[in-house]
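Student: I would like a close look at one part of this model, followed outwards through its surroundings. Please keep the criteria behind each term in view.

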Amino acid sequence: MRISHVSDGMVHGPRRYWFTGAEPEEWMPVVGVSDPDTPLTVTFGGFAVTGDGHVTLVDTGWGHRAAERPGMTGAGELPAQVAALGIEPGDVDRIVQTHLHGDHCGWLVKDDDGTLTFPRAAVYINERECAYWRSDEVDAIPFNRGMADAARSRLKAVADAGLLRTFDGELRLSDEVLILPTHGHTPGHVSVAVESEGETAILAGDLLHHPAHVEHPCWLPSVDHDPAQSVRSRERIAALAADRKAVILAPHFPIPTVVAVDRGPNGRVRTAVSSSVGGAV
Ligand SMILES: [Zn+2]
């Protein structure tokens, strides 16, 4: 199996709100900064997964309006990065959306008319996630403003094409690719496990915003919908990754967007950033 990061841009800015629930004195040394307002690099985008007879994208970045966002570099490059892997739009037969925040589902469509970017891809979204973004509940949360209408129109474009696949719980897409429920960041947030030859990679979406969240699952990103549920999901996936000596990849991690996880001598979950595992599982 091969997993390729496909970027849709990056920004630099202060991120202290990713570590609420901890004092700056606690999280700064772990993150490697000495001022809580030090700009951190945050990437956007998704991952292309190949090797099981399918071409699967996990998350689709900001989308065609990414360049309008202030301070972005490399904005809106996801389709070009997919093409650079030798993948034509029509080759993509599966998309898994970890959730429907605006920075994750943008390239479901490639214009304001709702033209599908990847016209053959079945789009897998947890049924609670779909129901949430179609409900009035979503509009009541200020953080969602501006994202709800976009999510609805993208959902409609996919559904109108007969390509929306909703599910609950775990869903196995192939011998190698398994969708796992990791709710909390949003009501129906999911992650994707890629398993091959005894090795595991977990594509964690926004279950984790920074590699430090693996060892410190209670350092809350303030953008979690249900913090308590999100912590439980983070702890469960961190333990799973540690037991399997897996790698975790997440679209907002700094390049190379991957962290290796295992257990230390005391059984504690621990991480080591490794650039040597960025290409293949
Ligand atoms: Zn995000």
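Student: In which sense do β2 and β3 pair, parallel or antiparallel, and over how many bridges?

Tutor: This is a predicted model, in which local features need pLDDT of at least 70 and side-chain atom pairs count only at pLDDT 80 or more, while totals for chains, interfaces and linings use all residues. Residues are numbered from 1 along each chain as its sequence is written, and side-chain values use heavy atoms, with hydrogens and water left out.

The pairing of β2 with β3 is antiparallel and runs over 4 bridges, where pairing requires that DSSP find at least two bridges between two strands. Strands are DSSP runs of E with at least two residues, helices are runs of H or I with at least four, and both are numbered from the N terminus. One of the positions joined between these two strands is A48, whose bridge partner in β3 is L57. The two strands make a hairpin with 4 residues between them, and G51, in that turn, has a positive phi of about 120°.

β3 also pairs with β4 (residues 94-96), this time in parallel, through 3 bridges. L57 takes part here too, with I95 as its bridge partner in β4. L57 therefore illustrates a general point, as strands of a sheet pair through backbone hydrogen bonds, either parallel or antiparallel.

Turning to the side chains, β3 is covered on both faces: V55 and L57 are buried on one side, and T56 and V58 are buried on the other. Buried here means under 20% relative accessible area, with exposed set at over 50% and partly exposed in between, for a 1.4 Å probe and protein chains only.

What surrounds β3 can be followed through the nonpolar cores, each a set of buried Ala, Val, Leu, Ile, Met, Phe, Trp, Tyr and Cys residues joined through side-chain atoms within 4.5 Å. The largest such core has 31 residues, of which V92, I95, F118 and W133 touch the most other members. The elements giving two or more residues to this core are β3 (55-58), α2 (78-84), β5 (122-126), α3 (127-134) and α4, and α4 supplies the largest share, 5 residues. Leaving aside neighbours within four places in sequence, V92 is in contact (heavy atoms within 4.5 Å) with V55 and L57 of the first face of β3, and also with I87, F118, R120 and A121. Apart from this core lies another one, of 20 residues, with V58 among its members alongside M1, V190 and V192. Such grouping fits a broader tendency, for in soluble globular proteins nonpolar side chains tend to be buried together.

I95, the β4 partner of L57, also leads to an internal space. The structure holds 1 cavity of 30 Å³ or more, a cavity being a set of points on a 1 Å grid over the protein atoms alone where a 1.4 Å probe fits but cannot get out, lined by residues with an atom within 4 Å of a point. The space in the largest cavity is about 30 Å³, this volume being what is filled by probe spheres set on points joined across faces, edges and corners. I95 lines this cavity together with L108, L116, F118, A121, V123, V158 and L163. By class, that lining has 8 nonpolar, no polar and no charged residues.

Definitions and conventions. On a 1 Å grid over the protein atoms alone, a cavity is a set of points where a 1.4 Å probe fits but cannot get out, and a pocket is an open set with protein on both sides within 12 Å along at least five of seven lines; lining residues have an atom within 4 Å of a point. Ala, Val, Leu, Ile, Met, Phe, Trp, Tyr, Cys and Pro count as nonpolar, Asp, Glu, Lys and Arg as charged, and the others, Gly among them, as polar.
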